[in-house]
Amino acid sequence: VDLARFHPGLREQHRARLRAELGVRETTPVVVYVGSGFSRKGVPQLLSALAQPALRNAELWVIGKDKGAARLQSMARKLQLQVRFLGPQQDVAPWLGAADVFALPTLYDPMPNAALEALAAGLPVLCSSSCGAAELIEAGQNGSVVDALDVSGIAAALASLLARAADPVSGPAMRQAARESVAHQGKEAMAACLVALYQSLLRTSPTAASTRPAE
């Protein structure tokens, strides 16, 4: 993850401006989702969760492109949800800075960059137990891990995270914990790990000459 591009300072840089442009109040709880493949990555579950009483005051921002977007937009209208389908964005950093919680209740994802970028930006992350990012989440500290199909569980976890994010004490603590959870995964650190791995493999791999059958 690019720790210089995604950082908690995005909140101060973009939150007030972007929310004013959208007509979203400072106090409105906002959940942001980033990704393509809406059905696989949990957008239908997020819409159903948003219909739960605990999240009726919350707003969902869906960033990404999907051929099934129209069907999900229709679902959001029928449920009378506060959802914005924002399409693909060239730069998601401002949207992360303006939101309160990142959600990705995906059916499957090895280690999505979007979740890492959200954590780096200081957003608590809700993800599924079938998502690789779950190994970075400490429940209640920097996010929550839920079953991808548990709508009630998703709603309860989001409501809790949003409440804590709005608290003047726990909010800053969560944002700091989110950032710290990926501080070791900057580009330079990961490049150094890869170089060390390649060097280790080169040292332990037999040479072509030593493995060639004797004539």
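Student: What places Arg175 in helix 8?

Tutor: Arg175 lies within residues 170–181, which form helix 8; helices are DSSP runs of H or I with at least four residues, numbered from the N terminus. This is a predicted model, in which local features need pLDDT of at least 70, side-chain atom pairs count only at pLDDT 80 or more, and totals for chains, interfaces and linings use all residues. Residues are numbered from 1 along each chain as its sequence is written, and side-chain values use heavy atoms, with hydrogens and water left out.

Student: Why is Arg175 said to have no salt bridge?

Tutor: A salt bridge needs a side-chain nitrogen of Lys or Arg within 4 Å of a carboxyl oxygen of Asp or Glu, whereas the nearest side chain of opposite charge, Asp100, is 6.0 Å away from Arg175, so the criterion is not met. Arg175 is nevertheless buried, that is, under 20% relative accessible area with a 1.4 Å probe and protein chains only.

Student: Which residues does Arg175 touch, not counting those up to four places away in sequence?

Tutor: Arg175 touches Arg11, Gly122 and Ala165, where contact means heavy atoms within 4.5 Å.

Student: Why are helix 7 and helix 8 called roughly perpendicular?

Tutor: Helix 7, residues 151–166, packs against helix 8 at an angle of about 110°, with the axes 5 Å apart; because angles of 65 to 115 degrees count as roughly perpendicular, that name applies to this pair. Leu161, Arg164 and Ala165 in helix 7 meet Ser170, Gly171, Met174 and Arg175 in helix 8.

Note on methods
Helices (H or I, at least four residues) and strands (E, at least two) are DSSP runs, numbered from the N terminus. Buried means under 20% relative accessible area, exposed over 50%, partly exposed in between (1.4 Å probe, protein chains only). Lys and Arg count as positive and Asp and Glu as negative; His and the chain ends are not counted. Axes are lines fitted to C-alpha atoms, for helices over the stretch in contact, and angles run from 0 to 180 degrees between N-to-C directions. Angles under 35 degrees count as roughly parallel, over 145 as roughly antiparallel, 65 to 115 as roughly perpendicular and the rest as oblique.
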